[in-house]
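Me: I would like a close look at one part of this protein. Please take me through the nonpolar core, then set it in the rest of the chain.

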Amino acid sequence: MKSALLILALVSSQAFAAPQTATLSVPTMSCASCPVTIKAALTKVPGVTSIKSDLAKRQTTVVYDDAKTDLAALSKATADAGFPSSALKASK
C-alpha cells in the first residue's frame with residue numbers, strides 16, 4: 001500500500017507542475033534579428049511554452065514547465081546561440 005501511495009504522489013507532483021515565468025537579461029541583444037535568434041534557441045528547450053523579447057530593455061521573458069527545464073537550461077540555450085543571459089527574476 002505504501003508503494004502505491006508513493007508512486008501516486010510522484011506522478012501527481014509531476015502532473016501538477018506549475019508554469020514558471022523568468023525574465024532574462026540579455027545585454028548583447030542589440031538589433032531586430034537578435035530576439036528572433038533568442039526565440040529560436042529557447043523554443044528548442046523542452047518545457048518552454050512562451051517567449052517574449054523586449055529589445056529596448058534587452059530582456060526576454062520565458063514561461064516554462066519547471067518539471068521539464070530550469071533557469072540554467074534557459075541561460076545555456078541563449079549562451080549557446082551567442083547571447084549570454086542572466087535571470088533578473090523568476091516567479092510562479
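Reply: Here is the core, followed by the chain around it.

A word on the source comes before that. This is a predicted model, in which local features need pLDDT of at least 70, side-chain atom pairs count only at pLDDT 80 or more, and totals for chains, interfaces and linings use all residues. Residues are numbered from 1 along each chain as its sequence is written, and side-chain values use heavy atoms, with hydrogens and water left out.

**The core**

A nonpolar core is a set of buried Ala, Val, Leu, Ile, Met, Phe, Trp, Tyr and Cys residues joined through side-chain atoms within 4.5 Å. Buried means under 20% relative accessible area; exposed means over 50%, and partly exposed lies in between (1.4 Å probe, protein chains only). The largest such core here has 15 residues. Those with the most contacts inside it are Val26, Ile38, Leu42, Val48, Val62, Tyr64 and Leu74. Five elements are listed as giving two or more residues to this core: β1 (19-25), α2 (34-43), β2 (48-54), β3 (59-65) and α3. Helix α2 gives the most, with 3 residues.

Now take Val62. A contact means heavy atoms within 4.5 Å. Leaving out residues up to four places away in sequence, Val62 touches Gln20, Thr21, Ala22, Leu24, Leu42, Val48, Ser50 and Leu74.

**The chain around it**

Helices (H or I, at least four residues) and strands (E, at least two) are DSSP runs, numbered from the N terminus. The chain has 3 helices and 4 strands. Along the sequence they run α-β-α-β-β-α-β. Of the 92 residues, 29% are buried. Take contacts between residues at least 6 apart in sequence: 67% of them join residues at least 24 apart.

**Two cysteines**

A disulfide is a pair of cysteine sulfur atoms within 2.5 Å. The count by this rule is 0. The sulfur of Cys31 has its closest cysteine sulfur in Cys34, 3.4 Å away, so the two are too far apart for a bond. Cys31 is partly exposed, at 33% relative accessibility. Cys34 is buried, at 5%.

**One charged pair**

Side chains of opposite charge can pair when their charged atoms come close. A salt bridge is a side-chain nitrogen of Lys or Arg within 4 Å of a carboxyl oxygen of Asp or Glu. The whole structure has 1. Asp80 pairs with Lys76, with the closest N and O atoms 2.7 Å apart. Both lie in helix α3 (residues 71-80), 4 residues apart, or about one turn of the helix. Asp80 is exposed, at 57% relative accessibility.
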